[in-house]
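Q: Could you take me slowly through one part of this model, saying how its pieces are joined and which residues are hidden? I would like the answer as one connected account.

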Amino acid sequence: MRILLLCSSFNGLSQRAWLELRRAGHDVSVELAVSEEVMVEAAELAKPDLVICPFLKERVPAPVWRGFRTVIIHPGPPGDRGPSSLDWAIADAEPEWGVTALQAVEEMDAGPIWGYRTFAMPAEAPRKSALYNGPVADAAVELVAEVAAKADTGFRPEPLDYRSPEVRGRLRRAMRHADREFGWEEPTEEIVRRVRAADGAPGGRTELCDVPVRVFDVYRGPELAGEPGRVAARREGAVLVHTGDGTVWVGHVRLDREGAVKLPAAMALGERVAGAVERPGYSEITYDRSDGVGVVSFDFYNGAMSAEQCRRLGAALRYAVAQDTRVLVVRGGEVFSNGIHLNVIEASRHPELEAWRNINAMNAVCREIVRCTRQLVVTSIGGNAGAGGVMMGLGADRVIVRDSVVLNPHYRTMGLFGSELWTYVLPRRVGAEQALRLTQEALPIGAAEAVELGLADRVLGGSRLEFERRVLEYAERLAVDASYDRLLAARGRAREVDERRRPLEAYRVEELAEMSRDMFDDRSGFRAARRAFVRKQRAGATPAHLARHRELSGASAAADAGASHM
């Protein structure tokens, strides 16, 4: 079928839907909902058999839903309505939640139901972004495929009927500022739930160090007595704050004022917490070992890696490489990595210099992975990755991805040439022609396609924890495999041959020469692209690389229409 995706942004869920539908053989175009006129024009151009809205905050214009079958993917169970569904689900500690595919009608979220999925909510309050990118996205992608299959059979959706036992949701109002507010005298559990219901946006509202702030990225701390709201300690950019019955680690903060940027809490608060003592108990990076396998785990908020975080990760990798283990697993977190930390760069007094420091520190991490010849290296990619985060993972002997992962192995949309040794690791895996296509087309790649291209070696399913366990089991088998010595020797020989042909340093220097023009001369719009990303500026049009695919779909529709009259 010819399918049009209408999206508020081409986010992770929209990308997964696009990939799933294209893999099923459908002709899929994408349009960002920048205005009613644009949405109507896109539908008239594409002439779709079906319109799907995997992530849409705006109302679908009447000419679209009246003229074309239009299905909304709503992040709530049947009957749930309103713009703050996930926020309320977390805040109210719902034991079960769901996702519903419903037909667009005049009244928002009230159309006939095409299908739904439900799932158990975790006992501990999840971060809203983790809930959305995890079980909600998984259910939504299943529903997108189901809707496309049903639409091809003349399926008629079921009208929404609140008398049905399957319809358990209700209309809920949008969350207000007051619903996000909390005081530090409240119990830790309530603070954590309130903040996570608003993470990653708009954040929990409170005061910290006598300034209004938005709080993100919180974890339960130790039970220490102290005045609620007082900063007790700091570590790796986070601050430990006293609550009514204990403490919480606050990872990120945005000062609640015009122009402020979400930053690591200690950085955002600056001199206000400069005197806080360092205390263990919070770490973005850990090292574990067992049965001949060492595991360096890192979990950076939203996958962004600042210069300081890169330095810490590089130190952890050097330590791990020096151990007597046989296999090193490099394991990312909820998001594997998206490369350099654009928020920290944008908030810096000298953004171009900070960007330069950041890319050099990121390159040092990549160099540690590529140059490791004392152990076999396995990259464990259980969350999405983009730009330099993808390239960082490609330096390993084995790249294993979770089946729901989306990779964006390109830099062009951010106005950068890219570094992280991509000109070495990417062509080495997929060939020069495919490397050029991937970086220039700037389109997402699904896990199965990544293996087909050679970008990854294996796909594993299951929850993130199950995926991590299966990768560890794979690494343990690799460590005792009869061919281990041969594989390790081959890695060393290949590195020596590559180094003689062209030193790794030459790739780094040439990439940085290009990046210096992007960062300091701004030849490709890095400054504006970075600012738009950090400030969450609404797109004024569908990006050119997506619009080109839309135009191709429109040309195909016109050709089909012409053929029907011949």
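A: Two strands are said to pair if DSSP finds at least two bridges between them, and with that in mind we can begin with a hairpin, remembering throughout that this is a predicted model. Strand S7 (residues 204–208) and strand S8 (residues 211–220) run antiparallel and are joined by five bridges, and within this pairing Glu207 has Pro212 in S8 as its bridge partner. Two residues lie between the strands of this hairpin, where Cys209 takes a positive phi near 55 degrees. S8 also pairs with strand S11 (residues 247–255), again in the antiparallel sense, through seven bridges, and here the bridge partner of Phe216 is His252 in S11. Because seven of the 10 residues of S8 are buried, this strand is largely enclosed by the rest of the structure.

From the hairpin we can turn to the helices, starting with helix H18, and follow the contacts from one element to the next. H18 (residues 504–519) has 16 residues and spans 22 Å from its first C-alpha to its last, close to the 22 Å expected at 1.5 Å a residue. Its buried residues are Leu504, Tyr507, Arg508, Glu511, Leu512, Met515, Asp518 and Met519, and they pack against several elements, including helix H11 (351–370), helix H13 (422–430) and helix H17 (484–501).

One residue that meets H18 is Ser419, which is found in the loop between strand S21 (406–408) and H13. Is Ser419 buried or exposed? Since buried means under 20% relative accessible area, Ser419 counts as buried, for its relative accessible area is 0%. The side chain of Ser419 makes a polar contact of 2.9 Å with that of Glu511, and, leaving aside residues up to four places away in sequence, Ser419 touches Ile359, Asn363, Tyr411, Glu511, Leu512 and Met515.

H13 appears again when we look at helix H14 (residues 432–441), whose buried residues are Ala435, Leu438 and Thr439. Seen down the axis of H14, these buried residues fall within an arc of 90 degrees, so they line one face of the helix. Glu433 and Leu436, by contrast, are exposed on the other side of H14. What covers the buried residues includes H13, strand S22 (445–446) and helix H15 (447–453), while just after H14 the residue Ala442 takes a positive phi of about 55 degrees.

S22 leads on to an open sheet of three strands, with mixed pairing and the order S19-S21-S22. Strand S19 (385–386) and S22 stand at its edges with a single partner strand each, so one side of each has no neighbour in the sheet. S21, whose following loop holds Ser419, pairs with S22 in the antiparallel sense over two bridges, and Leu407 stands opposite Ile445 in S22. Helix H1 (residues 12–23) packs on this sheet, touching S21 and S22, and its direction makes about 100 degrees with that of S21.

Notes: Residues numbered from 1 in each chain as written. Predicted model: local features only at pLDDT ≥ 70, side-chain atom pairs only at ≥ 80, totals over all residues. Heavy atoms only, no water. Helix = DSSP H or I, 4+ residues; strand = E, 2+ residues; numbered from the N terminus. Expected span 1.5 Å × (residues − 1). Buried < 20%, exposed > 50% of the residue type's maximum accessible area, 1.4 Å probe, protein only. Contact = heavy atoms within 4.5 Å. Polar contact = N/O pair within 3.5 Å; in protein donor to acceptor, adjacent residues only side chain to side chain. Arc of directions from axis to C-beta. Axes fitted to C-alpha atoms, helices over the stretch in contact; angles between N-to-C directions.
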